[in-house]
Amino acid sequence: MSRSKHTEHSEHSETAVHTAIRAGDLVVGTFVFEFATAGIGRLAAGAGASFVLYDAEHTGWTWETIGTLVATTRGAGADSYVRVPTTDRSEISRALDVGARGVMVPMVESAEQASAIVRWAKYPPVGLRGAAFGLAHDDYVRGDGAAYMRRSNADNLVLTQIETAAGLAAVEEIAAVEGVDVLWVGQYDLTTSMGIPGEFGHPDYLAALDRVATAARTHGKVAGFMAGTPAEAAMLAERGFSMFAYSGDLWIYQDALRAGIDDVRGKAQAGLAAGARNGGKSTRAAK
């Protein structure tokens, strides 16, 4: 007899993102901060995003909203991750229980903090994540709980943000923590903490990027970054970063809208000028 549907589901294979980052391949996704619509994850996946990071640190979204965003992204071809606001157990476990395939935690500053994050993100015997099955995170299928916990422990990503001077000073120790998958630089907070806010060409900042990338490479982890432009991504990739979120929904929309409006305005103004030179006559043939 073949295995039941329940067992097959609990033994789900790792996603393309997990396979790629563990092989050191390039992975590109995006952040979502503003557009809490049922289609945003599918739109991102349709545009080629390998993952979508939903932000619960800088937004006012409730867990109900986060759950809906994650649910409508599942099955679209892009993995869902949630940036939680703190290292609190309830934040981490709830993000995973609503169906996220990983969590990003801001301002990680020590190996102890990183270990606590892993502890709340992983089931026993690796961690202490509470076990509740047949919920959103396993698509409401009640199957082999032990097999599901093993698979989830192997698949769920832990992304730790290096975005303070203290975190940078401890980055090698953070990278050495088993269960941490990604060291993600938060550039604005990091430069602010270093006393050079927004100075992304400063030698100290560039050295910090190299230090994070080296720590990741040394300990078999991945260096990640939210890149605002292709040129920035290219610079970071050259330094050893391989996981990128291309900007965020609100900025992508605003930049594209601004470019479109400027283009329409410029071409329309040229059209008006041409019409004035022609005496205001229509270029269409008169009936």
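Here is a short chat about one helix and one pocket in a predicted model.

User: Before we start, what should I know about the model?

Analyst: It's predicted, so local features need pLDDT of at least 70 and side-chain atom pairs pLDDT 80 or more, while totals for chains, interfaces and linings use all residues. Residues count from 1 along each chain, and side-chain values use heavy atoms, leaving out hydrogens and water.

User: Which residues of helix α4 are buried?

Analyst: General idea first: an α-helix has 3.6 residues a turn, so residues three or four places apart point the same way. Here, α4 spans residues 63–73 (helices are DSSP runs of H or I, at least four residues; strands are E, at least two). I66, G67, L69, V70 and T73 are buried (under 20% relative accessible area, 1.4 Å probe, protein chains only). They sit on the same side of α4 because they cover an arc of only 165 degrees around the axis, taken from the directions from the axis to the C-beta atoms.

User: What do the buried residues of α4 pack against?

Analyst: Contact means heavy atoms within 4.5 Å. The partners are α3 (40–46), β2 (51–55) and β3 (79–83). Just after α4, G75 has a positive phi of about 85 degrees.

User: How do I read the largest pocket, and which residues lie nearest its centre?

Analyst: On a 1 Å grid over the protein atoms alone, a pocket is an open set of points where a 1.4 Å probe fits, with protein on both sides within 12 Å along at least five of seven lines; lining residues have an atom within 4 Å of a point. In this model, 21 residues line the largest pocket, with F33, Q187, Y188, M226 and W251 nearest its centre. α10 gives the largest share of that lining, three residues.

Key:
Buried < 20%, exposed > 50% of the residue type's maximum accessible area, 1.4 Å probe, protein only.
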